[in-house]
Amino acid sequence: QVQLAESGGGLVQAGDSLNLSCAATGRRFHEYTLGWFRQVSGMEREWIASISYSGVGKYYADSVRGRFTLSRDNAKNAAYLHLNDLKPEDTAVYFCAISNSWPGAEFHSWGQGTQVTVSS
């Protein structure tokens, strides 16, 4: 069973960058699509990006395309999300999760989330 843990969030200013990490435990991490989501308190969780099991396929929501970049290192059981040109509306708790399909459905094994706060 794969378990995930996000890290790398913080308080930044508009225009700054952050690197989020998603660390996995378990032997099968390399078999799964990895998705990133974010959630603002009181609102539904929003899918923002998916990376295929190999790392070749990458799929972004319109709200982050061109600013956020996905990567993964299966040898390290880790995935990353580089957040560039951050905006106040990017403020949210960011989560990673895995899926058996591409670009992802029925995500599971959610991490605890990492808070990203962008000040104007």
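A contact here means heavy atoms within 4.5 Å. The model is predicted.

**Exercise 1. Place Q3 in the structure and list the residues it touches beyond its sequence neighbours.**

Step 1. Q3 belongs to strand β1, residues 3-7.
Step 2. The relative accessible area of Q3 is 53%. Exposed means over 50%, so Q3 is exposed.
Step 3. Leaving out residues up to four places away in sequence, Q3 touches A23, A24 and T25.
Step 4. As a distance check, take A49: Q3 and A49 are 46 residues apart in sequence, and their C-alpha atoms are 19 Å apart in space.

**Exercise 2. Describe how β4, β5 and β6 are joined, and find the glycines with positive phi in the two hairpins.**

Step 1. Strand β4 covers residues 33-39 and strand β5 covers residues 46-51; they run antiparallel and are joined by five bridges. Across this pairing, I51 in β5 stands opposite L34.
Step 2. The hairpin of β4 and β5 has six residues between the strands, and G42 in this hairpin has a positive phi near 85 degrees.
Step 3. Strand β6, residues 58-60, is antiparallel to β5 and is joined to it by three bridges. Y59 in β6 is the bridge partner of S50.
Step 4. The hairpin of β5 and β6 also has six residues between the strands. Here G55 takes the positive phi, near 90 degrees.
Step 5. V56 is in the loop between β5 and β6. With 70% relative accessibility, V56 counts as exposed. V56 and L70 are 14 residues apart along the chain, with 10.0 Å between their C-alpha atoms.

**Exercise 3. Identify the residues with the most contacts inside the largest nonpolar core, then follow one of them outward.**

Step 1. The largest nonpolar core has 28 residues. Those with the most contacts inside it are L4, L34, W36, L81, L83 and Y94.
Step 2. Elements giving two or more residues to this core are β3 (18-25), β4, β5, β7 (68-73), β8 (78-83), β9 (92-99) and β10 (114-119).
Step 3. Take Y94. With residues up to four places away in sequence left out, Y94 touches E6, L20, F37, R38, I48, F68, L81, L83, G113, T114 and V116.

**Exercise 4. Analyse the aromatic pair of F37 and F107 and the cluster around it.**

Step 1. A search of the whole structure gives four aromatic pairs.
Step 2. For F37 and F107 the centres are 4.9 Å apart and the planes are at 80 degrees. An angle over 60 degrees counts as edge-to-face, and the pair is edge-to-face.
Step 3. F37 is in strand β4 and F107 is in the loop between β9 and β10, so the pair ties together parts that are 70 residues apart in sequence.
Step 4. Buried means under 20% relative accessible area. F37, at 8%, is buried, and F107, at 16%, is buried too.
Step 5. Ring pairs link F37, F95, F107 and W110 into a cluster.
Step 6. R45 lies over the face of F95, 4.2 Å from the ring centre. Elsewhere, the charged end of R72 sits over the ring of F29, at 4.5 Å from its centre.

**Exercise 5. Characterise the disulfide: its partners, geometry and surroundings.**

Step 1. The structure holds one disulfide. The disulfide joins C22 to C96, with an S to S distance of 2.1 Å.
Step 2. The angle about the S-S bond is 80 degrees, and the link is right-handed.
Step 3. Because C22 lies in strand β3 and C96 in strand β9, the pair ties together parts that are 74 residues apart in sequence.
Step 4. C22 is buried at 0% relative accessibility; C96 is buried, also with a relative accessible area of 0%.

**Exercise 6. Locate the cis peptide bond and two residues other than glycine with positive phi.**

Step 1. The peptide bond joining W102 and P103 is cis, with omega about 0 degrees. P103 is in the loop between β9 and β10.
Step 2. S109 is found in the loop between β9 and β10 and has a positive phi of about 60 degrees. Its relative accessible area is 22%, and S109 is partly exposed.
Step 3. N77 is in the loop between β7 and β8, and its phi is positive, near 55 degrees. At 18% relative accessibility, N77 counts as buried.

Key:
Residues are numbered from 1 along each chain as its sequence is written. This is a predicted model: local features need pLDDT of at least 70, side-chain atom pairs count only at pLDDT 80 or more; totals for chains, interfaces and linings use all residues. Side-chain values use heavy atoms; hydrogens and water are left out. Two strands pair if DSSP finds at least two bridges between them. Helices (H or I, at least four residues) and strands (E, at least two) are DSSP runs, numbered from the N terminus. A nonpolar core is a set of buried Ala, Val, Leu, Ile, Met, Phe, Trp, Tyr and Cys residues joined through side-chain atoms within 4.5 Å. Buried means under 20% relative accessible area, exposed over 50%, partly exposed in between (1.4 Å probe, protein chains only). Rings of Phe, Tyr and Trp (its six-membered ring) pair if their centres lie within 6.5 Å; planes under 30 degrees apart count as stacked, over 60 as edge-to-face and the rest as tilted. A charge sits over a ring if NZ of Lys or CZ of Arg is within 6 Å of the ring centre and within 35 degrees of the ring normal. A disulfide is a pair of cysteine sulfur atoms within 2.5 Å.
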